[in-house]
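Here's a walk through the model, starting from one residue and working outwards. Have the structure open and follow along.

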Amino acid sequence: MKACFRIRPVPFSRGLLASFFLFAAAISSPAQTPALDGIRTQAEAGDAEAQNAMGLACKNGRGDVAVDFKQAAQWFQKSAEQGNPYAERNLALMYVEGKGVKQNPGEVVKWMRKAADQNFASAQSYLGMLYVQGNGVTQDVVLGAGYLSRAAEGGYAEAQDNLGNLYVEGRGVPQDYAQAIKWFRKAAGQNYADAQNNLANLYIDARGVPQDYNEAFKLVRRAADQNYAAAQSTLGWMYAQGKGVAQNDAEAIKWFRKAADQNYADAQNNLGLIYEKGQGVPQDDAAAADWFRKAAERDFGGAQDNLAIACALGKGVPKDLVEAYKWFALAATHGDTNNGADIHAAMVKEMTPAQIAEAEKRVHDFVPKN
């Protein structure tokens with residue numbers, strides 16, 4: 001049910017001229033190409049903003065300009081070398097993606113820092129998360145929190161949300177639910193779905209605020225309506241349990257499916273439980289096992305434990321002690337073994353050394369799906 005702490009996808013920065021250009025390109029006909037020619041002329045004459053706009057045109061393919069990542073990187077480079085923060089950040093992202101240039105974490109940090117030092121909030125936010133997670137730099141959560149704070153103070157919703165998470169976890173800053181709530185609310189007020197979901201979870205768990213399922217439901221619904229999978233899964237749970245809303249199995253299943261269709265493992269596991277119990281659907285062990293497997297393959301511990309039980313007992317799948325052992329072992333790495341502890345203990349007594357060796361090999365070879 002809980003939201004994950006992660007970097008959200010970040011779009012390329014357009015700048016004022018670039019935004020105008022891309023809007024025009026989206027609606028242009030061949031008769032309107034002189035506008036692009038004018039921007040190209042300005043770019044060739046050394047105008048930094050026009051160079052950034054040409055970089056975006058080459059990266060995305062606009063008007064009569066074909067997609068050309070190498071040319072895009074060259075335009076971004078020209079603009080960035082003149083100190084254009086939009087281009088500095090866009091060039092950094094080219095190095096992140098390895099488009100038009102070789103992937104280079106050092107160049108990512110170099111150009112992102114240049115943009116951040118010009119008080120460019122999205123670059124501060126991105127650089128902050130690089131330090132928080134230690135991506136391409138020596139991990140320094142305190143420094144990362146500092147960059148996020150600057151971006152958050154500048155009104156950047158993604159940074160406000162990530163800073164709120166740091167305050168919840170006490171990473172790089174003292175744990176402070178009041179500060180977490182403050183920043184989640186600021187981001188949620190900008191309709192930032194992750195922050196709406198995170199704030200809702202605080203209301204559900206009564207962390208820093210009195211427990212209030214009604215308020216949580218309002219926030220989760222706003223995020224779920226933006227097709228945000230974590231919120232859709234939480235909303236499904238609220239309908240299933242009747243928390244903040246009248247209990248409704250059909251609505252629970254609807255929202256779990258929306259999240260599950262985005263490969264959100266928590267929702268896939270919950271659908272497995274729905275089918276296992278026959279809650280709002282005909283009881284179906286095979287369908288339950290299928291949903292457990294989808295989530296288990298994405299390394300969701302609860303689903304791995306549930307699938308292990310199904311394999312051990314032959315519920316919805318053929319009985320397979322080797323597979324059951326594998327999934328029990330993987331679930332244990334997440335601390336999710338309580339439901340099937342007795343089944344696991346009894347099962348191991350039935351297994352031969354060869355079966356256990358094979359199961360251990362499968363555990364070692366396991367690679368989660370994205």
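## Starting point: Gln232

Let's begin with Gln232, which counts as buried because its relative accessibility is just 1%. Keep in mind throughout that you're looking at a predicted model. Gln232 belongs to helix H13.

What does Gln232 touch, leaving out residues up to four places away in sequence? Its contacts are Ala224, Asn227, Trp255, Phe256, Lys258, Ala259 and Gln262. If you'd like a distance to check in your viewer, try Gln232 to Tyr275: they're 43 residues apart along the chain, and their C-alpha atoms are separated by 18 Å.

## Two of those neighbours: Lys258 and Trp255

Two residues on the Gln232 contact list, Trp255 and Lys258, also have an arrangement of their own. Lys258 lies over the face of Trp255, with 5.6 Å to the ring centre.

Further along there's another lysine and tryptophan to look at. Here the charged end of Lys294 sits over the Trp291 ring, 5.6 Å from the centre of that ring.

## The H12–H13 loop and its outlier

Asn227, another Gln232 contact, sits in the loop between H12 and H13. Its phi is near 65°, which is a positive value in a residue that isn't glycine. With a relative accessible area of 46%, Asn227 is partly exposed.

Asp299 is worth a look for its backbone too: phi is positive, about 70°, although the residue is not a glycine. You'll find Asp299 in the loop between helix H16 (285-296) and H17. Its relative accessibility is 26%, so it counts as partly exposed.

## Aromatic pairs

How many aromatic pairs does a search of the whole structure find? It turns up four. One of them is Tyr131 with Tyr147: the ring centres are 6.1 Å apart and the planes are at 10°, so this pair is stacked. Tyr131 lies in helix H7 (residues 121-133) and Tyr147 in helix H8 (residues 141-153), so the pair ties together parts 16 residues apart in sequence. Both Tyr131 and Tyr147 are buried.

Phe217 and Tyr239 pair up in another way: their ring centres are 5.7 Å apart with planes at 85°, so the pair is edge-to-face. Phe217 comes from helix H12 (residues 213-224) and Tyr239 from helix H13 (residues 229-241), so the pair ties together parts that are 22 residues apart in sequence. Phe217 counts as buried at 15% relative accessibility, and Tyr239 is buried with a relative accessible area of 8%.

## Packing around H18

Now for some helix packing. Two packed helices are described by the angle between their axes and the distance between the axes. Helix H17 (residues 301-313) and H18 have axes that come within 8 Å and cross at roughly 160°. H17 and H18 are therefore roughly antiparallel to each other, and their crossing is left-handed. On the H17 side the contact is made by Gly301, Gln304, Asp305, Leu307, Ala308, Ile309, Cys311 and Ala312. H18 contributes Leu321, Glu323, Ala324, Trp327, Phe328, Leu330 and Ala331.

H18 also packs against H20. Helix H18 (residues 321-332) and helix H20 (residues 353-365) have axes 8 Å apart, at an angle of about 45°, and the two are therefore oblique to each other. H18 passes H20 in a right-handed crossing. On H18, the residues that meet H20 are Val322, Glu323, Tyr325, Lys326, Ala329 and Leu330. Facing them in H20 are Gln355, Ile356, Glu358, Ala359, Glu360, Arg362 and Val363. Glu323 and Leu330 of H18 appear in the contact with H17 and in the contact with H20.

## Stepping back

What kinds of secondary structure make up the protein? It has 20 helices and zero strands. Along its principal axes, the C-alpha trace spans about 75 × 50 × 45 Å.

Of the 370 residues in the protein, 48% are buried; Gln232, where we started, is among the buried residues. Looking at contacts with a separation of 6 or more, 55% are between residues 24 or more positions apart.

How values were computed. Residues numbered from 1 in each chain as written. Predicted model: local features only at pLDDT ≥ 70, side-chain atom pairs only at ≥ 80, totals over all residues. Heavy atoms only, no water. Phe/Tyr/Trp six-rings, centres within 6.5 Å; stacked < 30°, edge-to-face > 60°. Helix = DSSP H or I, 4+ residues; strand = E, 2+ residues; numbered from the N terminus. Buried < 20%, exposed > 50% of the residue type's maximum accessible area, 1.4 Å probe, protein only. Lys NZ or Arg CZ within 6 Å of the ring centre and 35° of its normal. Axes fitted to C-alpha atoms, helices over the stretch in contact; angles between N-to-C directions. Parallel < 35°, antiparallel > 145°, perpendicular 65-115°, else oblique. Left-handed = near helix turned anticlockwise from the far one by under 90°. Contact = heavy atoms within 4.5 Å.
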